[in-house]
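Let's go through this one by asking how each label is earned. Have a look at the picture, then follow the questions.

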Amino acid sequence: MAIKKTSSKLSQTAVLKHIVKKCSSLSRKQQPHFGDVPKGHFVVYVGVNRSRYIVPVSFLSHPDFQRLLQQAEDEFGFDHNLGLTIPCEEQVFESLTTMLR
């Protein structure tokens, strides 16, 4: 599923929520420790070691995080069983998320 550029923020938000819901359901099936994810957050895996990060859903509205999701879709797609994987170095991801908090 592609994230389409639209003039409506509502439709873009709906698409992003669908992506997170789909990936969260995959994570629940595969990760026995999924119960440690607080409400309003979701899990992503980052870097070559697939380090696990728990991030707030509010990040979805930030353009830089949306670009990471687009890169993830381009590289991995969203229909794989490995959870939402972000294709960037861990240090870059940590720097971005620190700025978003």
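Q: How many bridges join β1 to β3, and do they run parallel or antiparallel?
A: Two bridges join β1 to β3, and the strands run parallel. A pair needs at least two bridges, so β1 and β3 count as paired. Keep in mind that this is a predicted model.

Q: Which residues are the bridge partners in β3?
A: Valine 46 has isoleucine 86 as its bridge partner in β3. For tyrosine 45, the partner in β3 is threonine 85.

Q: What joins β1 to β2?
A: Six bridges do, and β1 and β2 run antiparallel. With at least two bridges required, β1 and β2 therefore count as a pair too. Histidine 41, for instance, stands opposite proline 56 in β2.

Q: Why is the pairing in the sheet called mixed?
A: The sheet is an open one of three strands in the order β2-β1-β3, with mixed pairing. β1 runs antiparallel to β2 and parallel to β3.

Q: What makes β2 and β3 edge strands?
A: Each has a single partner strand, so one side of each is left without a neighbour in the sheet.

Q: How do you know that β1 is largely enclosed?
A: Five of its six residues are buried, so the rest of the structure largely encloses β1.

Q: Which residues have the most contacts inside the largest nonpolar core?
A: They are Val44, Val55, Phe65, Ile86 and Phe93, in a core of 17 residues. The elements giving two or more residues to this core are β1, β2, α2 and α3. The largest share, four residues, comes from α2.

Q: What is phenylalanine 93 in contact with, leaving aside its neighbours within four places in sequence?
A: Its contacts are Val44, Val46, Tyr53, Val55, Phe65, Leu68, Ile86 and Cys88.

Q: Where does α3 lie?
A: α3 lies across β1, β2 and β3, and runs at about 15° to β2.

Q: Why does glutamine 66 count as buried?
A: Its relative accessibility is 16%, and buried means under 20%, so the label fits. Glutamine 66 is found in helix α2.

Q: What makes the pair of leucine 60 and glutamine 66 a candidate for a polar contact?
A: The backbone oxygen of leucine 60 lies 2.8 Å from a polar atom of the glutamine 66 side chain. The cut-off for such a contact is within 3.5 Å, so the distance passes.

Q: Why does arginine 50 count as partly exposed?
A: Its relative accessibility is 28%. Buried needs under 20% and exposed needs over 50%, so a value in between is called partly exposed. Arginine 50 is found in the loop between β1 and β2.

Q: What is notable about the phi of arginine 50?
A: It is positive, about 50°, although arginine 50 is not a glycine. Most residues other than glycine have a negative phi. In the hairpin of β1 and β2, glycine 47 also takes a positive phi, near 80°.

Q: Which element has the lowest mean pLDDT, and which the highest?
A: Helix α1 has the lowest, at 56, and β2 the highest, at 94. Over residues 1-8 the pLDDT is below 50, and over residues 26-30 it stays under 50. For the protein chain the mean is 77, and 62% of its residues reach 70 or more.

Definitions and conventions. Residues are numbered from 1 along each chain as its sequence is written. Side-chain values use heavy atoms; hydrogens and water are left out. A nonpolar core is a set of buried Ala, Val, Leu, Ile, Met, Phe, Trp, Tyr and Cys residues joined through side-chain atoms within 4.5 Å. Buried means under 20% relative accessible area, exposed over 50%, partly exposed in between (1.4 Å probe, protein chains only). Contact means heavy atoms within 4.5 Å. Axes are lines fitted to C-alpha atoms, for helices over the stretch in contact, and angles run from 0 to 180 degrees between N-to-C directions. A polar contact is a pair of N or O atoms within 3.5 Å; within protein, one must be able to donate a hydrogen and the other to accept it, and residues adjacent in sequence count only if both atoms are side-chain atoms. pLDDT is the predictor's confidence in each residue, from 0 to 100.
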